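Biologist: I'm new to this one, so could you walk me through it and tell me what stands behind each label?

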Amino acid sequence: MKITDRIGGDRPVFSVEFMPPKDEVGEAELWKAIRRLEPLDPAFASVTYGAGGSSRDRTVRTTGRIASETTLVAMAHLTAVSHSVAELRHVIAEYAAAGIRNILAVRGDPPGDPLGEWVAHPDGLTYADELVTLTRRLGDFCVGVAAFPYGHPRSPDEDSDLERLIAKVRAGADFAITQLFLEPEGFLRLRDRLAAAGCDVPMLPGIMPLTTVRTLHRGPELSGAPLPPGLAERLERYADDPAAFRAAGMDLTTELCERLLAEGVGGLHFYTFNRSTATSELVSRLDLGARRGVPVA
């Protein structure tokens, strides 16, 4: 099933994002999270792809298992970093062989330093729209792309960043998922500007549950989204009390999600970090799960 068959309906949906595990302990933790979230019926589950393809084999294996061993619609990430076009063709063929028909095509971050200078492979691609074109040419894939409510950290301005997003849509992207953000205005502004440009594709907001002090500061640092002063003030008072911080952070995350849903957003994409509790709790609070009575602890 394609992701576009699962999003854009009358009822809001949610989706989840996992990382390929690094060892057996991580594998067990990941599959515990998958099995706990599966009964809530997320619209799809995506699996990330390490910088330079560092986790390529694990991504293929994990996404293939989700596609074949669960009821979830699986999506694999694909980046152009450190890959020639020939290597990208090979990875896409691996995905197809594993039964994966949904791909998130992103240019990707430089290995070692996500905010460092991006250098294209001499036989590779420079922009994500080129990767979208390549993927669409190689099979009947549903292709997603990344969007940045406050502009990509390496974009000169928001107008230039919007042009890059429009190029990805016009290259054949079926939907977009945004980088994480902590207040809704940037997302809503980008959604409206994209629609005004004639690009009528679903755009899902990327939501990171605020459960720790580290997630509060590290997320904006990597995404380029601002840390709203009022939000920081509400949470900093709990910096030395992890339980109180989590409770306040989850309340703020719920408020963000409720505002987005009230503005007509059709789906929320949760960054799970291979855990299920925070996402399950948010799904329950927002009444997004398809099935009721599933424990959130």
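Modeller: Sure. This is a predicted model, and we can begin with the second largest cavity, whose lining has five nonpolar, four polar and no charged residues.

Biologist: What makes four residues of the second largest cavity's lining polar?

Modeller: Look at who lines it: F148, P149, Y150, G151, Q179, L180, S223, G224 and A225. Gly counts as polar here, along with others outside the nonpolar and charged groups, so the polar four are G151, Q179, S223 and G224.

Biologist: How do you know that the second largest cavity belongs in the count of cavities of 30 Å³ or more?

Modeller: Its volume is about 30 Å³, and the count by this rule comes to two cavities. The largest one has about 70 Å³.

Biologist: What lines the largest cavity?

Modeller: Among its lining residues are F148, P149, Y150 and G151, plus E158, D161, R189 and R193. Asp, Glu, Lys and Arg count as charged, so E158, D161, R189 and R193 make up the four charged residues in that lining. Helix α6 (185–196) supplies the largest share, four residues.

Biologist: Why is helix α10 called mostly covered?

Modeller: Buried means under 20% relative accessible area, and seven of the ten residues of α10 (277–286) are buried. They are A278, T279, S280, E281, L282, V283 and L286.

Biologist: What do those buried residues pack against?

Modeller: They pack against β1 (13–18), α1 (24–37), α9 (242–262) and β8 (267–271). Just after α10, D287 takes a positive phi of about 60 degrees.

Terms used. Residues are numbered from 1 along each chain as its sequence is written. This is a predicted model: local features need pLDDT of at least 70, side-chain atom pairs count only at pLDDT 80 or more; totals for chains, interfaces and linings use all residues. Side-chain values use heavy atoms; hydrogens and water are left out. Buried means under 20% relative accessible area, exposed over 50%, partly exposed in between (1.4 Å probe, protein chains only). Helices (H or I, at least four residues) and strands (E, at least two) are DSSP runs, numbered from the N terminus. Contact means heavy atoms within 4.5 Å. On a 1 Å grid over the protein atoms alone, a cavity is a set of points where a 1.4 Å probe fits but cannot get out, and a pocket is an open set with protein on both sides within 12 Å along at least five of seven lines; lining residues have an atom within 4 Å of a point. Grid points are joined across faces, edges and corners, and a volume is the space filled by probe spheres set on the points.
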